[in-house]
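Notebook open, model loaded. I want to go through the sheet, then the overall build, then a few single residues.

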Amino acid sequence: MTQPTVPYSTKSDFAYDRVRELILSGDLEPGAVINQALLAKQIGISTTPLREALRRLRQQGLVELDAHRDARVTSLNAEEARDLLEVRRSLDPMAASLAAERRTKQDIAEIRASLEGLEPLAGNATLAQLIAHRRFHTAIYRASHNTMLIEMLDGLWDTGDRYRRHGLKVEPSEEERALKAHEHTLLFQAIVEGDAETAADVMRAHIRTSLGAKSAWRLSQPDSP
């Protein structure tokens with residue numbers, strides 16, 4: 001693989017971004033053993049910056065490392081999926097409510113831009129489509145103008161990306177996809193209109209039937225895939 005055209009401050013930063021992308025896209029599946037020599041060759045670096053990147057990914061809970069430096073993608077966990085869902089049920093509606101109260105013209109412009117062309121996710125969703133959905137939600141988070149809340153939700157999104165991919169293994173129906181698109185529009189309208197209560201209610205419903213919620217339910221079932 002060729003080196004990136006976008007400059008990175010260190011090779012470790014480049015390795016971190018690439019391996020994280022491979023994990024979140026599902027190319028490196030949950031539970032997969034990471035052959036460090038092979039992976040380093042694949043992304044065009046030495047093993048030293050790769051090991052540094054893996055240590056950073058371990059701090060995010062995406063990779064497990066043992067005393068012998070063996071590496072494995074962290075398996076999906078029913079308890080973690082449940083915990084993520086429970087926290088987001090509280091924090092996402094709070095962010096939407098605050099966004100409706102505090103949004104600026106610039107915030108509205110950013111949410112509108114992120115909504116344009118946003119399509120409900122299908123089972124074959126690409127990483128770019130997942131990023132587009134994150135952009136929409138992040139624009140709402142930013143509009144809350146609560147730094148601590150924004151940082152918490154950004155971290156939760158990082159942890160939850162693999163569970164979204166897991167939730168997509170059951171193909172959403174046309175009705176489900178249409179509902180998600182409608183909820184995105186309702187969220188935008190409520191925030192523009194300054195309707196904090198409606199924004200929170202719509203976001204609460206949005207999280208209740210989210211991909212993360214689907215994943216948490218699937219993982220809670222005996223012998224779930």
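**Sheet.** I started with the strands and found an open sheet of three, in the order β1-β3-β2, with antiparallel pairing. β1 (33-34) and β2 (63-65) are the edge strands; each has a single partner strand, so one side of each has no neighbour in the sheet. β1 pairs with β3 (residues 71-73) over two bridges, in the antiparallel sense. I looked up one of the bridge partners: Val-33 goes with Arg-72 in β3. My rule for pairing was at least two bridges found by DSSP between two strands. As a reminder to myself, strands of a sheet pair through backbone hydrogen bonds, either parallel or antiparallel.

**Ground rules.** This is a predicted model, so I note that local features need pLDDT of at least 70 and side-chain atom pairs count only at pLDDT 80 or more, while totals for chains, interfaces and linings use all residues. Residues are numbered from 1 along each chain as its sequence is written, and side-chain values use heavy atoms, with hydrogens and water left out.

**Overall build.** I counted ten helices and three strands. Along the sequence they run α-β-α-α-β-β-α-α-α-α-α-α-α. Helices (H or I, at least four residues) and strands (E, at least two) are DSSP runs, numbered from the N terminus.

I checked the radius of gyration next: the protein has 19 Å, which agrees with the value near 17 Å for a compact globule of 225 residues. That radius is taken over C-alpha atoms, and the globule rule is 2.2 Å times the number of residues to the power 0.38. The C-alpha atoms fill a box of roughly 55 × 45 × 30 Å along the principal axes.

Of the 225 residues, 45% count as buried. Here buried means under 20% relative accessible area, exposed over 50%, and partly exposed in between (1.4 Å probe, protein chains only). For contacts with a separation of 6 or more, residues 24 or more positions apart account for 74%; contact means heavy atoms within 4.5 Å.

**Leu-118.** I went to the loop between α5 (105-115) and α6 (127-143), where Leu-118 is found. Is Leu-118 buried or exposed? Leu-118 is buried, at a relative accessible area of 14%. Leaving out residues up to four places away in sequence, Leu-118 touches Ala-132, His-133, Phe-136 and His-184. I also took a distance: the C-alpha atoms of Leu-118 and Gly-61 are 29 Å apart, with their positions 57 residues apart along the chain.

**Helix α10.** In α10 (residues 211-220) I listed the buried residues: Leu-211, Ala-213, Ser-215, Ala-216, Arg-218 and Leu-219. Their cover includes α4 (78-102), α7 (147-167) and α9 (196-208). Lys-214 lies in α10 too. Beyond its neighbours within four places in sequence, Lys-214 is in contact with Gly-167, Val-170, Pro-172 and Glu-176. The C-alpha atoms of Lys-214 and Pro-49, 165 residues apart along the chain, are separated by 36 Å.

**His-145.** Last stop was the loop between α6 and α7, the place of His-145. Its phi is near 55 degrees, a positive value in a residue other than glycine. For context, most residues other than glycine have a negative phi. His-145 is partly exposed, with a relative accessible area of 44%.
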